[in-house]
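Here is a short report on the open and enclosed spaces of a protein model, and on its charged side chains. Please read it with the structure in view.

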Amino acid sequence: MPRRIAQLARLVLALVPGLAAAQVTVQEYPIPRGHRVHDVWADAAPGGPVWFSAQGSGHLGILDPKSGRVELVPLGPGSSPHGVIAGSDGAPWLTDGGQNAVVRVDPRTRAVKAWKLPADTGYTNLNTAIFDLQGIHWFTGQSGIYGRLDPRSGEMRVFKAPRGRGPYGIHVTPDGTVFYASLAGSHIARIDATTGAATVIEPPTRGQGARRVWSDSKGDVWVAEWNSGNLSRYEPKSGRWSAWKAPGERPQVYAVYVDETDKVWVSEWASQTMLRFDPAREKFESFQSSSPYPNVRQIHGRKGEVWTPESGADKITVYRYR
C-alpha cells in the first residue's frame with residue numbers, strides 16, 4: 001500500500017581541500033523498515049518516480065519525490081531483487097536473485113511478468129542489468145554467468161563467464177558496447193553483442209576487486225575497485241588505464257555513476273561517504289548523509305540530481321547540485 005513518508009531536507013558543504021566549499025542540497029526519504037533498499041533508478045523526467053529494489057521483502061519500491069509517498073509492489077514468492085533499471089518502454093526491470101528471474105513491472109497497471117532463467121543454470125545470484133541500444137537486456141550473476149534477454153521474442157541466452165565467479169556491475173557505452181565488472185575475478189569484460197562472447201580486460205592493479213562500472217559520454221569506462229579503493233578509468237579506444245585513490249586510509253569503493261556533466265560519483269564504505277570526482281581537476285569532493293552507516297549500493301541520477309540507496313538505513317537520499 002502507498003505510504004506518505006516524512007521528508008528531511010538540509011544543506012551540506014562539499015569538503016574540498018584547498019577550494020571554496022560548494023553547496024549541495026540533500027534531501028532524505030525514509031523507507032519503511034525491513035525492506036532493505038538495495039539499488040535505485042531515477043526516471044529521466046524531472047520530478048519523475050524513483051524505483052528501488054526492496055531486497056529484504058521482495059518488492060519493487062516506487063518513490064514519488066514530490067509527495068514522499070512510497071508504493072511497494074510484490075514481485076512473487078521467494079523474491080529477493082538486487083538490481084533495478086528502466087527500459088525504453090518506461091517500465092522498471094529487476095534482476096531477482098530469489099526467483100532466479102528477470103522481472104518487469106508495468107508502470108501503469110503494476111502487473112508483474114517474470115522470465116525465469118533456464119533450470120539447468122542453477123542458482124546464479126543475479127546481480128545487475130542494462131539495456132543495449134538494440135533493446136536487449138543484459139544481466140550478470142555472481143555465480144559465474146552473464147546473459148541476455150530479448151524482451152520482444154522472450155529469447156534468453158545464458159553464458160558462462162570466462163573466469164567463473166564474479167560478474168557484478170554492468171553498463172553500456174554511448175556506441176552500444178556492453179561492459180561488466182567481475183568482483184571475484186578482479187577484471188572487467190567487454191561483451192560482443194553478436195556472439196555473446198566476453199573478452200577479459202585486465203586492470204593494472206592486481207586483485208583490485210572491480211565491483212561496478214559506468215560509462216561517461218565519451219565511452220570511457222569508470223570502475224569502482226572494492227579491494228584497492230581506487231576509482232579507475234579504462235579508455236577503450238587506446239586501451240589506457242588511469243587510477244585515483246579515494247580519500248582515506250583504507251577506502252573501499254563500492255558503486256560508481258557518471259552524471260550528465262561527466263563528474264563521477266562513487267560510494268565509499270570505509271568512511272561511509274559519497275564522493276564526487278572531477279576528472280579535469282583530478283579532485284574528490286566529499287558529502288555525507290545524516291546516517292552513520294548508510295551503506296550506499298548502486299547510484300543513479302538525472303540532470304542535477306544523484307540518487308543513492310542507503311541499505312544500512314532504509315532510506316533514499318538525493319544530492320541536488322547546480
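The largest pocket has 34 lining residues. Nearest its centre lie W41, A86, I130, F131 and V172. The pocket holds about 700 Å³ of space. Bear in mind that this is a predicted model.

Which strands build the wall of this pocket? At least two lining residues each come from β4, β8, β12, β16, β20, β24 (253-258) and β28. β28 gives the largest share, 3 residues. By class, the lining of the largest pocket counts 16 nonpolar, 10 polar and 8 charged residues.

**Enclosed spaces**

The structure also has 2 cavities of 30 Å³ or more. The largest cavity encloses about 130 Å³. Its lining has 16 residues, and T128, A129, R212, W214 and Q298 are the closest to its centre. Five strands each supply at least two residues of this lining: β4 (37-42), β8 (81-86), β12 (126-131), β16 (167-172) and β20 (210-215). These five strands are also named among those that line the largest pocket. Nonpolar residues number 9 in the lining of the largest cavity, against 5 polar and 2 charged.

The second largest cavity holds about 70 Å³ of space. It is lined by 13 residues. Q272, T273, M274, P294 and V296 lie nearest its centre. Here β25 (264-268) and β26 (273-278) each supply at least two lining residues. The lining of the second largest cavity divides into 6 nonpolar, 6 polar and 1 charged.

**Charged pairs**

Side chains of opposite charge can pair when their charged atoms come close. Across the whole structure, 17 salt bridges turn up. Three of them are listed here with the N to O distance.

| Salt bridge | Distance |
|---|---|
| E235 and R233 | 3.6 Å |
| E285 and R276 | 2.7 Å |
| K315 and E310 | 3.4 Å |

How do these residues sit, buried or exposed? E235 and R233 are both buried. E285 counts as buried because its relative accessibility is 7%, under the 20% cut-off. R276, at 10% relative accessible area, is therefore buried as well. The bridge between E285 and R276 thus joins two buried side chains.

The pair of K315 and E310 follows suit. K315 has 7% relative accessibility, so K315 counts as buried. E310 has a relative accessible area of 1%, which means that E310 is buried too. This pair belongs to a network: salt bridges with shared partners join E28, E310 and K315.

**A buried arginine without a salt bridge**

Where does R297 lie? R297 is in the loop between β27 (283-287) and β28 (300-302). β28 is the strand that gives the largest share of the lining of the largest pocket.

What is the nearest side chain of opposite charge to R297? That side chain is D39, 6.4 Å away. A salt bridge needs the nitrogen and the carboxyl oxygen within 4 Å, so D39 does not qualify at its distance. R297 is buried yet has no salt bridge. The R297 side chain does have a polar contact, with the side chain of S311 at 2.9 Å.

Definitions and conventions. Residues are numbered from 1 along each chain as its sequence is written. This is a predicted model: local features need pLDDT of at least 70, side-chain atom pairs count only at pLDDT 80 or more; totals for chains, interfaces and linings use all residues. Side-chain values use heavy atoms; hydrogens and water are left out. Buried means under 20% relative accessible area, exposed over 50%, partly exposed in between (1.4 Å probe, protein chains only). On a 1 Å grid over the protein atoms alone, a cavity is a set of points where a 1.4 Å probe fits but cannot get out, and a pocket is an open set with protein on both sides within 12 Å along at least five of seven lines; lining residues have an atom within 4 Å of a point. Grid points are joined across faces, edges and corners, and a volume is the space filled by probe spheres set on the points. Helices (H or I, at least four residues) and strands (E, at least two) are DSSP runs, numbered from the N terminus. Ala, Val, Leu, Ile, Met, Phe, Trp, Tyr, Cys and Pro count as nonpolar, Asp, Glu, Lys and Arg as charged, and the others, Gly among them, as polar. Lys and Arg count as positive and Asp and Glu as negative; His and the chain ends are not counted. A polar contact is a pair of N or O atoms within 3.5 Å; within protein, one must be able to donate a hydrogen and the other to accept it, and residues adjacent in sequence count only if both atoms are side-chain atoms.
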